[in-house]
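Welcome, and please open the structure in your viewer. We will go from stop to stop, with something to select at each one.

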Amino acid sequence: MTNYNQGQTIVFLHIPKTAGTTLHLIIERQYNSGKIVTIHTPVENAAQISRIQKLTPTQQQQVRVIKGHTFWGWHQLLPESCAYFTLLRNPVERFISNYYFLLKKEGHPLGQKLLEEKVTIEDFVNWTGEDNYQTRFLAKNIGEGNLDIKGSECTRETLERAKRNLRENFAVVGIVEEFDKTLLLLKKTFGWKNIFYKVKNKNKQRPSNNLIPQKTLKLIKEKNKLDLELYNYATETLQTTIKNQGNSFEEEVQNFQKINDSSLGQFSALMSSSASKVQKIISFI
């Protein structure tokens with residue numbers, strides 16, 4: 001884990017289906033929109049890399065945040081160093097969520113292919129590159145010529161590279177299952193203000209795990225065993241960071257949750273498009 005210094009560009013690596021939509025809104029509340037670069041799809045990485053490389057050093061210094069479906073390595077392109085953070089999710093949960101999200105996402109090319117070919121969740125487990133997706137994502141470097149994370153085999157070496165990246169280059173490593181604790185750590189690390197939120201982009205049409213056959217769940221777990229290792233590593237890293245916050249941290253989390261669940265907290269979340277208005281209403285300390 002690394003420390004954050006003011007002046008560093010903050011880079012949020014948003015692994016798909018890891019509460020990123022909610023977090024994007026919180027981030028956008030903290031910084032001038034003109035200083036944020038958002039990458040919506042992995043395909044956009046090459047275009048944004050090319051665009052930023054063409055900026056002058058002075059213009060590059062104006063980039064305060066890079067966020068989205070992007071990879072580690074932006075510090076190799078920018079004049080200032082970068083502070084990275086990400087969230088991981090239980091791999092079985094993420095895989096199931098991603099499958100049903102794609103299935104219901106109108107206009108998504110991969111989702112359309114799933115529908116046309118009548119791909120079941122069992123079939124999807126065996127699709128090339130869908131296994132160990134989080135490991136693939138966090139091991140990738142934007143400096144590599146090939147930014148396709150699905151085209152090659154995910155090995156134990158890939159896992160060790162992903163672990164090393166988290167250990168040596170990230171200011172905060174969080175998990176979705178401890179979203180509020182992760183969010184409080186992000187607030188403390190980067191000096192964020194209003195972090196109240198309302199969950200966004202939750203797939204309400206996804207079936208309960210109880211309705212998914214045990215053999216299917218077992219297959220998903222087996223195909224994503226490297227992701228399970230990485231997730232456990234991230235969980236241990238987070239727990240160590242929380243322990244280092246001292247005894248008052250749990251109380252801080254509880255206080256935040258109480259306010260966030262209140263009408264005042266939810267109103268602040270809905271007002272996220274105007275941070276200045278929100279701060280006149282409430283300031284969480």
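**Stop 1: helix α1**

This is a predicted model, and our tour begins at helix α1. Select G20, T22, L23, H24, I26 and I27: these residues of α1 are buried. What do the buried residues of α1 pack against? Add β1, β2, β3, β4 and α9 to your selection, since these are the elements that they pack against. The helix itself covers residues 20-28, and we will come back to it at the last two stops.

**Stop 2: the sheet**

Now show the strands. You should see an open sheet of 5 strands, paired in parallel and running in the order β2-β3-β1-β4-β5. Which strands stand at the edges? They are β2 (36-39) and β5 (170-175); each has a single partner strand, so one side of each is left without a neighbour in the sheet. On average, neighbouring strands here are turned by 15 degrees against each other, direction ignored.

Stay at the β5 edge and select β4, residues 82-88, which pairs with β5 in the parallel sense over 5 bridges. For a landmark along this pairing, pick L87, which stands opposite G174 in β5.

**Stop 3: two helices on the sheet**

Next, select helix α8, residues 156-169. This helix packs on the sheet and touches β4 and β5, with its direction at about 120 degrees to that of β5. Then bring in helix α9, residues 179-190, which also packs on the sheet. Its contacts are with β1 (9-13), β4 and β5, and its direction makes about 165 degrees with that of β5.

**Stop 4: aromatic rings**

Switch on the aromatic side chains. Across the whole structure, a search finds 16 aromatic pairs. Start with Y133 and F137: the ring centres are 6.1 Å apart and the planes make 40 degrees, so the pair is tilted. Both residues belong to helix α7 (residues 133-139), where being 4 residues apart separates them by about one helical turn. Are Y133 and F137 buried or exposed? Both are buried.

Move on to F196 and F256, a stacked pair with 5.6 Å from centre to centre and 20 degrees between the planes. This pair links distant parts of the chain, 60 residues apart: F196 sits in the loop between α9 and α10 (214-223), and F256 in helix α12 (residues 249-261). F196 counts as buried, at 0% relative accessibility, and F256 is buried with a relative accessible area of 0%.

Before leaving the rings, select Y4, F12, F85, F190 and W192 together; they form one aromatic cluster.

**Stop 5: the largest pocket**

Turn on a surface and look for the largest pocket, with a volume of about 1,400 Å³. It is lined by 46 residues, and the closest to its centre are H14, P16, K17, H69 and F101. Colour α1, β2, β3 (65-68), α4 (91-104) and α5 (109-116), as each supplies at least two residues of this lining.

**Stop 6: an enclosed space**

How many cavities of 30 Å³ or more does a search of the whole structure find? There is 1, and about 50 Å³ of space lies in the largest cavity. To find this cavity, select L25, R29, Y197, K198 and A269, the closest to its centre among its 10 lining residues. Here the tour returns to helix α1, which gives the most to the lining of the largest cavity, with 3 residues.

Notes. Residues numbered from 1 in each chain as written. Predicted model: local features only at pLDDT ≥ 70, side-chain atom pairs only at ≥ 80, totals over all residues. Heavy atoms only, no water. Pairing = 2+ DSSP bridges. Axes fitted to C-alpha atoms, helices over the stretch in contact; angles between N-to-C directions. Contact = heavy atoms within 4.5 Å. Phe/Tyr/Trp six-rings, centres within 6.5 Å; stacked < 30°, edge-to-face > 60°. Buried < 20%, exposed > 50% of the residue type's maximum accessible area, 1.4 Å probe, protein only. 1 Å grid on protein atoms, 1.4 Å probe; cavity = no way out; pocket = protein on both sides within 12 Å on 5 of 7 lines; lining within 4 Å. Points joined across faces, edges and corners; volume = space filled by probe spheres on them.
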